[in-house]
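Trainee: Could you walk me through reading a few features of a protein model? I would like the general idea and then the case at hand.

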Amino acid sequence: MSEHAGTALIRPEWLADRVDDLGRAWEVTDRRVAGTLWWYMAADTMLADVVAALDLDTTPDPALESITLTLRSDGGVAAVHHHANTKPDEAIDHLARAVAAIVDTLAEVSGAGRASLAAITTDTIASRARTESAATDLAARLAIPAPRYVDVAGRRFVRRASCCLIYRSPRAGMCVSCPKRDPDERAVLLARMAAG
């Protein structure tokens, strides 16, 4: 594990190296796939604390200048350390700027599509927000697609718009909720999860 300033995320050479690290670890040779998978993993870690705290009086400040990252050996983000708190409205503004800057840099160095990366951000918010309305409001503030949900066997799941492309690695299979799955197959698998 190693620590890095949050601003490293928008340094193209540094971020390209992290994408390459992840590609090697997951045996993915297509940099676009590795970049997409890197953001899928990183977004969940980077957004979790902020999104969960937006209904509180103070929120961890997600500005890149206010965070430190702990990286895994595969180049993924293991943890985010926030060094300041701020009001929720300001946190959302900082988050919007940080995410846009990271996505722009990642798209530049990996070839991953901005729309695909935005969909990952949406799905991450949908899975981390305390309420669906909070997720929808935050997505609107970040100018990304609105979250979607689906009810299966009495349980609500995020209806994912994004594919992390992890199935392109020989080390993993397709996610249960992957939008690339046949819809009937996906419904059966989600029903199993709901029952389990």
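Mentor: Gladly! Let us start with how elements are named: helices (at least four residues) and strands (at least two) are DSSP runs, numbered from the N terminus. With that in hand, Ala-153 can be placed in the loop between S6 and S7. Please keep in mind that this is a predicted model.

Trainee: What is the sign of phi at Ala-153?

Mentor: Phi of Ala-153 is positive, about 50 degrees, although the residue is not a glycine. Ala-143 is another residue to look at: its phi is near 55 degrees, again a positive value in a non-glycine residue. Ala-143 sits in the loop between helix H5 (132-141) and strand S6 (149-152).

Trainee: Are Ala-143 and Ala-153 buried or exposed?

Mentor: The cut-off for exposed is over 50% relative accessible area. Ala-143 has 71%, so it counts as exposed, and Ala-153 has 62%, so it is exposed too.

Trainee: Next, cysteines. How many disulfides does the structure hold?

Mentor: In general, a disulfide is a covalent bond between the sulfur atoms of two cysteines. The structure holds zero of them. Take Cys-163, which is in no disulfide: the nearest cysteine sulfur belongs to Cys-178, 3.8 Å away. The cut-off for a disulfide is 2.5 Å between the sulfur atoms. Cys-178 is likewise in no disulfide, with the sulfur of Cys-163 as its nearest cysteine sulfur.

Trainee: And are Cys-163 and Cys-178 buried or exposed?

Mentor: Buried means under 20% relative accessible area. Cys-163 is at 13%, so it is buried; Cys-178, at 2%, is buried as well.

Trainee: How should I read a pair of helices? At what angle do H1 and H2 pack?

Mentor: Look at the angle and the axis distance together. Helix H1 (residues 12-25) and helix H2 (residues 31-52) pack at about 95 degrees, and their axes are 9 Å apart. That angle makes H1 roughly perpendicular to H2. On the H1 side, the residues that meet H2 include Leu-15, Val-19 and Leu-22; on the H2 side, Ala-34, Leu-37, Trp-38 and Met-41 are among them. Sorted by character, the residues of this contact divide into eight nonpolar, two polar and three charged.

Trainee: Which residues does Thr-36 touch?

Mentor: For contacts, set aside residues up to four places away in sequence. Thr-36, found in helix H2, then touches Ala-112, Leu-117, Ile-120, Cys-163, Cys-164 and Leu-165. Thr-36 is buried, with a relative accessible area of 3%.

Trainee: Which backbone oxygen does the side chain of Ser-169 reach?

Mentor: That of Trp-26, at 2.6 Å. Ser-169 lies in the loop between strand S7 (155-158) and helix H6 (183-195), and it is buried at 2% relative accessible area. Beyond its sequence neighbours up to four places away, Ser-169 touches Trp-26 and Val-28.

Trainee: One last case: where does Ile-125 lie, and which residues is it in contact with?

Mentor: Ile-125 lies in helix H4 (residues 114-128). With neighbours within four places in sequence left aside, its contacts are Leu-47, Val-51, Ala-135, Leu-138, Leu-142 and Ile-144. Ile-125 is at 0% relative accessibility, so it counts as buried. You can also read a separation in space beside one in sequence: Ile-125 and Thr-7 are 118 residues apart along the chain, and their C-alpha atoms are separated by 22 Å.

Notes. Residues are numbered from 1 along each chain as its sequence is written. This is a predicted model: local features need pLDDT of at least 70, side-chain atom pairs count only at pLDDT 80 or more; totals for chains, interfaces and linings use all residues. Side-chain values use heavy atoms; hydrogens and water are left out. Buried means under 20% relative accessible area, exposed over 50%, partly exposed in between (1.4 Å probe, protein chains only). Axes are lines fitted to C-alpha atoms, for helices over the stretch in contact, and angles run from 0 to 180 degrees between N-to-C directions. Angles under 35 degrees count as roughly parallel, over 145 as roughly antiparallel, 65 to 115 as roughly perpendicular and the rest as oblique. Contact means heavy atoms within 4.5 Å. Ala, Val, Leu, Ile, Met, Phe, Trp, Tyr, Cys and Pro count as nonpolar, Asp, Glu, Lys and Arg as charged, and the others, Gly among them, as polar. A polar contact is a pair of N or O atoms within 3.5 Å; within protein, one must be able to donate a hydrogen and the other to accept it, and residues adjacent in sequence count only if both atoms are side-chain atoms.
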